[in-house]
Amino acid sequence: MLIDLHTHSRASDGTQSPGDVVRSAEAAGLDVVGLTDHDSAAGWGEAAVVARELGIGLVPGMEISTKLYGSGVHLLAYLPDPTYPALVDELTKILAGRTGRLAAMVGQLRDAGVDITEDEVLAQVGDSPAIGRPHIADVLVGKGVVADRTQAFDEWLSWGRPGYVTRYATRTDAMIEIVSAAGGAAVIAHPWGRGSRHVLDKDTLAELRDVGLVGVEVDHQDHDDHDRDDLRRIADDLGLVVTGASDYHGTGKVDHDLGCNVTAPSEFDRLIEQAAENAAASGRSVPEVVR
Ligand code: AMP
Ligand code: FE
Ligand code: FE
Ligand code: ZN
């Protein structure tokens with residue numbers, strides 16, 4: 001039973017359509033795939049149609065931009081009602097922040113001598129509602145300014161680089177409460193990856209659990225074996241669900257192939273149970289798990 005709960009499509013910054021992510025998941029031998037585009041449920045419908053066609057499991061989710069003590073924390077929200085008003089309000093603000101910083105980023109890059117326009121970026125974005133730095137990276141790759149997305153981030157787009165501009169994110173604890181009230185289950189993505197490591201110690205994870213955090217993504221390429229052992233121990237102590245996933249972005253992220261990390265079936269069952277409990281308590285109409 002192979003369960004990979006964190007992937008991206010062209011509904012955010014992946015390189016494949018939502019349907020093609022599901023097709024690739026089936027071809028890779030996965031039994032269940034979670035589609036978790038950044039700050040959007042836009043890919044859910046197409047993914048569900050293909051999952052039913054192919055007979056592969058699908059968990060609709062999203063990876064929400066939050067911040068804690070000034071650091072970015074990515075929060076995976078599984079199975080929330082995407083029409084829950086407080087969730088809609090926050091996602092609207094986050095997406096507006098993504099769109100709103102584009103002009104500033106392009107301006108700063110141009111000031112730094114890079115020949116790039118907003119229209120070129122928008123051509124990469126297509127109909128994704130979530131404009132991301134990877135779309136800008138892909139323009140830079142296309143022009144031969146850099147070799148790949150990684151080099152684009154290292155030289156131009158990461159914090160402190162010429163193209164960096166900050167954007168709106170919801171507080172992590174507030175978003176955990178919103179996701180739970182929307183009938184979903186909140187899991188912190190790559191807690192000890194770039195950016196969030198120093199703010200997510202055991203005490204903080206305990207506080208987040210107390211406001212409704214369900215799990216932590218332990219098995220992720222951003223974590224070495226030592227981190228995984230330490231995080232797994234913390235999760236066990238705190239009663240948090242342990243997940244594992246690829247964070248697949250198609251060809252957009254190397255060494256993140258589908259199924260490179262997976263979630264244990266017993267942990268998956270706990271996650272789905274918690275989501276069902278939150279759904280029942282919320283009275284919201286939540287999306288179905290395709291089985
Ligand atoms: P943004 O959504 O604009 O904040 O950009 C962050 C996104 O860029 C995340 O989805 C990451 O997966 C992606 N990303 C960050 N660093 C890199 C990198 N070095 N190579 C490829 N993708 C990256
Ligand atoms: Fe991404
Ligand atoms: Fe992430
Ligand atoms: Zn991700």
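Asp247, at 1% relative accessibility, counts as buried in this predicted model, and its OD atom is one of the protein donors of the zinc ion (ligand 4). The other donors to that zinc ion are His6 (NE2), His8 (NE2) and Glu63 (OE), and the four lie 2.0 to 2.2 Å from the metal. The angles among the four donor atoms run from 78 to 172°, and the site of the zinc ion (ligand 4) is accordingly classed as irregular, since a tetrahedral assignment would need all angles to lie between 85 and 135 degrees.

Along the chain, the donor residues of the zinc ion (ligand 4) follow the spacing H-x1-H-x54-E-x183-D. His6 sits in strand 1 (residues 3-7), whereas Asp247 belongs to the loop between strand 8 (241-244) and helix 11 (265-282), so the pair ties together parts that are 241 residues apart in sequence. Like Asp247, His6 counts as buried, with 0% relative accessibility.

Glu63 also appears among the protein donors of the iron ion (ligand 3), where its OE atom is joined by His74 (ND1) and His190 (NE2), again at 2.0 to 2.2 Å from the metal. The spacing of these donor residues is E-x10-H-x115-H. Because His74 lies in strand 4 (residues 71-78) and His190 in the loop between strand 6 (185-188) and helix 9 (202-210), this pair ties together parts that are 116 residues apart in sequence. His74 counts as partly exposed at 26% relative accessibility, while His190, at 9%, counts as buried.

A further metal, the iron ion (ligand 2), lies 4.5 Å from the zinc ion (ligand 4) and 5.7 Å from the iron ion (ligand 3).

Note on methods
Residues numbered from 1 in each chain as written. Chains lettered and ligands numbered in written order. Predicted model: local features only at pLDDT ≥ 70, side-chain atom pairs only at ≥ 80, totals over all residues. Heavy atoms only, no water. Donors = N, O, S within 2.8 Å, 3.2 Å for Na, K, Ca; no water. Helix = DSSP H or I, 4+ residues; strand = E, 2+ residues; numbered from the N terminus. Buried < 20%, exposed > 50% of the residue type's maximum accessible area, 1.4 Å probe, protein only. Tetrahedral: all angles 85-135°; square planar, octahedral: opposite > 155°, others 65-115°.
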